[in-house]
Amino acid sequence: MAQAFTADRVVTPQGTRRAALLLEDGPPGEPRGVIRAVCEPGDLPANAEVIDFGPYALLPGLVDSHVHINQPGRTEWEGFSTATRAAAAGGYTTLIDMPLNCLPATTTVAALEATRDSAAGQCLVDWAAWGGAVADNQADLLPLARAGIAGFKSFLIYPGCDGFSMIDREQLERALPAIAESGLPLLVHAELAGPIERATASLRNTDWRRYATYLASRPDEAELEAIRLMIRLCRRVGFRLHIVHLATAQALPELQAARAEGLPISVETCPHYLHFAAEQIADGSTLLKCAPPIRSVANREALWQGLRDGIIDLVATDHSPCPPAMKCLEEGRFDLAWGGIASLSIALPVMWTGAAQRGFTLQEIARWMSSAPAALAGLSDRAGTLEAGREANFVVFNPEAEFTVTPERLHYRHAISPYMGEMLRGAVEATYLRGEPVYQAGEFIPGPRGCEHRLR
Ligand SMILES: [Zn+2]
């Protein structure tokens with residue numbers, strides 16, 4: 001029997017309207033899981049088994065192209081089972097795991113296989129892997145590409161924890177031919193050490209409990225200089241460049257100009273840069289430490305404008321959890337605390353709260369948080385939109401609901417969050433993976449069904 005889902009607001013690339021998702025017929029008793037058609041509810045086959053979500057919105061399952069799952073090796077920070085549980089509660093159906101913080105870091109095929117082993121049977125939603133391009137693994141890059149990673153990640157500055165080396169310009173130039181040959185994107189943490197070292201040297205004997213100290217230690221110039229370097233290399237070598245977690249809006253004009261030249265550059269920012277602002281961060285609030293740092297109110301509004309103008313393509317969480325002690329909450333010192341913000345389970349409401357206030361629609365949310373990250377990771381043929389031929393991965397979303405963030409809402413390993421206590425708009429009612437619920441009415445459906453997307 002055919003299976004179908006209807007709702008008053010189905011978000012598709014062509015618009016948001018009352019519609020039906022009709023799934024492919026599968027063999028009896030087998031999960032079906034693929035969309036056969038998006039149609040008028042009146043056009044469904046008479047024998048279709050229909051679930052009607054009424055006034056709710058159906059969005060394509062979200063794709064988070066920037067998550068630190070930390071397993072194997074630092075599973076006490078996070079892990080596949082807890083991260084994918086938080087993802088399911090947050091409306092995400094695919095996570096792409098960053099190659100660092102896990103041990104071994106994903107910089108060789110053997111390390112990739114170790115990550116695969118640790119993920120097996122653990123995942124509520126799908127995942128894929130980024131591989132690292134580090135100081136000394138140029139010979140591992142093409143083998144990693146052939147083994148099925150979605151692309152590469154590099155740090156132009158010390159990444160904050162051991163096990164993954166930063167890459168300098170010379171090493172990067174040695175790595176780029178293989179990266180270009182792979183056709184996969186290079187994701188870059190774009191901050192250079194020079195401006196940060198100069199700024200930090202002038203901050204000796206200052207109070208590291210003050211947010212202003214931390215902000216001054218990581219100036220806009222660190223991002224700007226790194227982005228300029230990457231644009232020059234992209235122009236010269238011709239690889240796909242992706243700037244992760246853009247925090248400074250000052251880089252937007254140069255990124256826009258580089259794209260106007262035809263360079264294959266994409267840009268990401270994160271919910272925390274669009275939600276918080278430096279002026280509102282209390283001293284000692286190390287839950288808000290991340291790198292690059294959260295900047296001014298004016299900068300935040302300019303980032304929203306960057307999304308509006310299409311210079312910023314996508315929003316990814318940079319979900320980067322750690323054990324609570326590493327946030328140094330008692331000392332409140334920004335120089336000692338771990339930099340990273342975890343938000344997988346609430347990123348959609350965080351984004352919808354800010355987007356709705358500024359006149360954006362669910363259509364744009366679906367582009368920033370599903371189709372654009374799916375395209376970055378090479379997954380457009382299976383995920384990222386509600387269209388015929390794609391997997392029936394979707395979020396049942398109540399855009400009008402409001403709720404207060406509490407620890408019970410978080411679901412990742414350590415329930416700490418700078419969003420705690422905030423009133424947010426929009427609630428995930430259910431998340432479906434290949435036509436089956438993985439999260440519904442506050443409950444997880446047992447039986448891990450997530451699998452790895454391999455790109456080759
Ligand atoms: Zn990150």
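**Exercise 1.** In this predicted model, find the place of threonine 286, and work out whether threonine 286 is buried or exposed.

*Solution.* Start with the chain: threonine 286 sits in the loop between helix H9 (271–275) and helix H10 (297–308). Next, look at its accessibility. The relative accessible area of threonine 286 is 0%, and buried means under 20%, so threonine 286 is buried.

Now see what surrounds it. Leaving aside residues up to four places away in sequence, threonine 286 touches Lys327, Cys328, Leu329, Gly332, Arg333, Phe334 and Ala337. With lysine 327 there is also a polar contact: the threonine 286 side chain reaches the backbone oxygen of lysine 327 at 2.6 Å.

**Exercise 2.** Identify which residues coordinate the zinc ion, and explain how histidine 66 and aspartate 318 tie together parts of the chain.

*Solution.* First list the donors: His66 (NE2), His68 (NE2) and Asp318 (OD) coordinate the zinc ion at 2.1 to 2.2 Å. Their spacing in sequence is H-x1-H-x249-D. Then place the pair: histidine 66 belongs to strand E6 (residues 62–67), while aspartate 318 is in the loop between strand E13 (314–315) and H11, so the two link parts that are 252 residues apart in sequence. Finally, check accessibility: histidine 66 is buried at 0%, and aspartate 318, at 10%, counts as buried too.

**Exercise 3.** Explain why helix H11 is described as largely enclosed by the rest of the structure.

*Solution.* Helix H11 covers residues 347–357, and 9 of its 11 residues are buried, so the helix is largely enclosed. Among the buried residues are Leu348, Met351 and Trp352. To finish, follow the chain onward: after H11 comes glycine 359, with a positive phi near 85°.

Note on methods: Residues numbered from 1 in each chain as written. Predicted model: local features only at pLDDT ≥ 70, side-chain atom pairs only at ≥ 80, totals over all residues. Heavy atoms only, no water. Buried < 20%, exposed > 50% of the residue type's maximum accessible area, 1.4 Å probe, protein only. Helix = DSSP H or I, 4+ residues; strand = E, 2+ residues; numbered from the N terminus. Donors = N, O, S within 2.8 Å, 3.2 Å for Na, K, Ca; no water. Polar contact = N/O pair within 3.5 Å; in protein donor to acceptor, adjacent residues only side chain to side chain. Contact = heavy atoms within 4.5 Å.
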